Amino acid sequence: MHHACILGTGSYLPAQRVSNNELAQRVDTSDEWITARTGIKTRHLAAEHEKTSDLAAEAARRALADASVAAEEIDLIIVATATPDMQFPATATIVQNKLGIAGCPAFDVQAVCAGFMYALATANAYIQSGMAQKVLVIGAEIFSRIVDWNDRSTCVLFGDGAGAAVLGRSSEAGIIASKLHADGNYLKLLNVPAQMAGGQVNGTPFVQMDGQGVFKFAVKQLSAVAEEVLAEAGMSADEIDWIVPHQANRRIIEATAKHLGLGMDKVILTVAEHANTSAASIPLALDTGIKDGRIQRGQTLLLEGIGGGFAWGAVLLKY
């Protein structure tokens, strides 16, 4: 059987870095309040001229360089994003154009913060079936444009960024197992209600969130899907070298690790520096852990994320 292995990773963060103290000058909040509830200290915000495809393309270039793969070798591009450049075409096709390639399939996946999990599982299926050999998987977001900067309950939580991975076909173990879920019954807990009709926006274009409801659901389902993917692989939690979770809230991450019986020394944690970058958060954390030397070849990683919808999932892989 063919396996999908990570050949290289890359990431990109916009230059503008905004601390909690700087944010406190705009809204009624404080560094202490934000840190205690979320673990977030800073976030990066896209420049006015930057688009999601710009962030995605730069992360992709770095991943391709890391993998020693030329852009022309890519035969599938998947971009996970909830903040596309346009209504259509897919941001993936815009990234494809910016990378100077054409012809291969390119499409977006919209599962918000779980988007990278959905994209990885899709890429794995393409590679296992023989439909693709080298796949570029990207998570990219500019959430700063869909938050109300007067709403302190949401604007402090999010940031912008992109992360990417190049997956290749291999006879050695790579992605071991994946589990994806969704349940639209909970859509009211986290959403952006806006719709375009007749050239006008109907409904609010900003993130709406029930913080407590999201927290409870996330802890429950992330713990459950982690156990599920381990069971699928016939593995136990003590075989995991690193958890690379969606970086939304430190307390959610701590609760999930505790449920698995693992300490925070087994967790790649970037939420303090990046805040919640939605579909970009897991590949950003993954690239951070690889580049700083913590994640080593041959180690077993558990990637997991949950986002609005709700959509959630986990991927177990050998790096």
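β13 and β14 run parallel to each other in this predicted model, and four bridges hold that pairing together. Within it, Pro 245 sits across from Glu 304 of β14.

Zoom out a little and these two belong to an open, four-stranded sheet in the order β8-β15-β14-β13, with mixed pairing. The edge positions go to β8 and β13 (242-245); each has a single partner strand, so one side of each lacks a neighbour in the sheet. From one strand to the next, the twist averages 10°. Helix α7 (residues 211-233) packs on this sheet and touches β8, β14 and β15. The direction of α7 makes about 145° with that of β8.

Here's how the strand pairs line up:

| Strand pair | Sense | Bridges |
|---|---|---|
| β13 and β14 | parallel | four bridges |
| β14 and β15 | antiparallel | eight bridges |
| β8 and β15 | antiparallel | seven bridges |

Now for β15 (residues 311-318), which is mostly covered: seven of its eight residues are buried. On its β8 side, Val 315 has Ser 178 standing opposite. On its β14 side, Leu 316 is the bridge partner of Leu 302. β14 (residues 300-307) and β15 also make a hairpin, with three residues between them. In that turn, Gly 309 has a positive phi of about 140°.

The other thing to look at is the annotated site. An unreviewed UniProt entry puts its "active site" label on Cys 113, His 246 and Asn 276. These residues span 164 positions in sequence, yet no two of their C-alpha atoms are more than 8.6 Å apart, so they gather at one spot.

Take Cys 113, which sits in the loop between β5 (106-109) and α5 (115-129). With a relative accessibility of 5%, Cys 113 is buried, because the cut-off is under 20%. Leaving out neighbours within four places in sequence, the contacts of Cys 113 include both His 246 and Asn 276. Cys 113 also touches Gly 305, Ile 306 and Gly 307, and those residues fall within β14 (residues 300-307).

Asn 276 is a loop residue too, lying between α9 (271-274) and α10 (281-291). Its relative accessibility is 6%, so Asn 276 counts as buried. Setting aside residues up to four places away in sequence, Asn 276 touches Cys 113 and His 246, and its other contacts include Ile 40, Leu 157, Phe 158 and Gly 159. Gln 247 and Ala 248 are also among the residues that Asn 276 touches.

How values were computed:
Residues are numbered from 1 along each chain as its sequence is written. This is a predicted model: local features need pLDDT of at least 70, side-chain atom pairs count only at pLDDT 80 or more; totals for chains, interfaces and linings use all residues. Side-chain values use heavy atoms; hydrogens and water are left out. UniProt positions are given in the numbering used here, feature names are shortened, and annotations may be inferred rather than shown by experiment. Buried means under 20% relative accessible area, exposed over 50%, partly exposed in between (1.4 Å probe, protein chains only). Contact means heavy atoms within 4.5 Å. Two strands pair if DSSP finds at least two bridges between them. Axes are lines fitted to C-alpha atoms, for helices over the stretch in contact, and angles run from 0 to 180 degrees between N-to-C directions.
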